[in-house]
Amino acid sequence: MPRIDELLAAGPTYSFEFFPPRTDAGEAKLRATLNELEPLGPSFVSVTYGAGGSTRERTHQIVVDMLEHTTMTPMAHLTAVCHTRDELADILARYRDAGVKNILALRGDAPQDVEPFWELERAIDLVELAREVGGGQFAIGVAAHPEGHPSSRVLAEDRRHLATKLTAADFGVTQFFFTVDAYLAMVDAVRSHGCDTPIVPGVMPVTNVRQIERFAQLSGAAFPTELGDRLHAVEDDAAEVARIGIEVATQLCRDLLDAGAPGLHFYTLNSSTATREIYANLGLPAATR
Ligand code: FAD
């Protein structure tokens, strides 16, 4: 199974992100989506890690299942929140022993239902632990927020911490955003700190206006007024919202690739339609690596 840093060194990567479902219906939908997206030959696919509770173990199961039963290269997200250092080392050791090679190391946010704690306070601490446990097996990615992490008050400091974290890691994957300038400003800032780690932009096509506005608010991504106006004007027409969302996301992907982005990471929300359409619009062949 390839490591993502090696894939990135060979050319642009095209990757898809999923979350572990909570219900049987969600499970069936994810399985159908994976069957529909596997023929596109994504460079890698990633599975998020829940803020706490039962879906955490599901991430491990889905990742190992993908490794053993599909042609896709999985990346496991892992968050430090609500875990002791020993628990995190144990989870990483299980991934290592199962043959998983790609980990996205995250701090994680405080869950709503339990009192949070962090034995590893920052994502960079988890990067270091993954290096130690992985013994060279893992390619380790980290999160990047193009418009700054929502809890950071001083953007320049956030950029400096990001550059330090990316230097310790092998690659970055960004939160979604809506303008190519947001991505390029972050990349320039990180490069000015002497960090040349590749940063893959995350793309979330709009298929539901209110949902994406809520996500954008939580993640600190600025939702362009012009796009909001366009979408609100047709918000009762789901097909038209999706059509505009896909058109806008396709253009963003083109601009990002033209600007030299090392790949595209699609937030699929466990649904294949938007990703497949953007893929087709971009003229990406199946089995692109
Ligand atoms: P960190 O890199 O630790 O940064 C957190 C904050 O600390 C930032 O404000 C940073 O500026 C600040 N900071 C860093 N170093 C220092 C320092 N030395 N001194 C002072 N301040 C510092 N969450 C999940 O729960 N599950 C997931 O699967 C998941 N997947 C994600 C995937 C992607 C691509 C992205 C972009 C985010 C994902 N998240 C996920 C969300 C993530 O957990 C949150 O954004 C979280 O708030 C921050 O995580 P981080 O890894 O960026 O943290």
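**View 1. Helix 3 and helix 4 cross in a right-handed sense.** This is a predicted model. Helix 3 covers residues 55-69, and helix 4 covers residues 85-98. Their axes come within 11 Å and cross at roughly 10°. Angles under 35 degrees count as roughly parallel. Helix 3 is therefore roughly parallel to helix 4.

**View 2. Helix 9 is roughly antiparallel to helix 10.** Helix 9 runs through residues 225-232. The axes of helix 9 and helix 10 come within 9 Å. They cross at roughly 155°. Angles over 145 degrees count as roughly antiparallel, so the pair falls in that class. The crossing of helix 9 with helix 10 is right-handed.

**View 3. Helix 10 lies oblique to helix 11.** Here helix 10 (residues 238-258) meets helix 11 (residues 273-281). The two axes come within 10 Å. Their crossing angle is roughly 50°. That angle makes the pair oblique. Helix 10 and helix 11 make a right-handed crossing.

**View 4. Polar contacts link the ligand to G108, H149 and D158.** At G108 the backbone takes part: one of its polar atoms is 3.1 Å from an oxygen atom of the ligand. H149 uses its side chain, with a polar atom 2.7 Å from a ligand oxygen. D158 also places a polar side-chain atom by the ligand, 2.6 Å from an oxygen. The ligand on its own has 990 Å² of accessible area, and the protein covers 82% of it.

**View 5. Strands and a helix contribute to the shell around the ligand.** The elements giving two or more residues to this shell are strand 3 (74-79), strand 4 (102-106), helix 6 (155-168) and strand 6 (171-176).

**View 6. The ligand is surrounded by 23 residues.** Y49, D109, H149, S152 and D158 come nearest. By class, the shell holds 7 nonpolar, 11 polar and 5 charged residues. Of the nearest residues, H149 has a polar side-chain atom 2.7 Å from a ligand oxygen, and D158 has one at 2.6 Å.

Key
Residues numbered from 1 in each chain as written. Predicted model: local features only at pLDDT ≥ 70, side-chain atom pairs only at ≥ 80, totals over all residues. Heavy atoms only, no water. Near = heavy atom within 4 Å. Polar contact = N/O pair within 3.5 Å; in protein donor to acceptor, adjacent residues only side chain to side chain. Areas by Shrake-Rupley, 256 points an atom, 1.4 Å probe, with all protein chains shown as cover. Helix = DSSP H or I, 4+ residues; strand = E, 2+ residues; numbered from the N terminus. Nonpolar A, V, L, I, M, F, W, Y, C, P; charged D, E, K, R; others polar. Axes fitted to C-alpha atoms, helices over the stretch in contact; angles between N-to-C directions. Parallel < 35°, antiparallel > 145°, perpendicular 65-115°, else oblique. Left-handed = near helix turned anticlockwise from the far one by under 90°.
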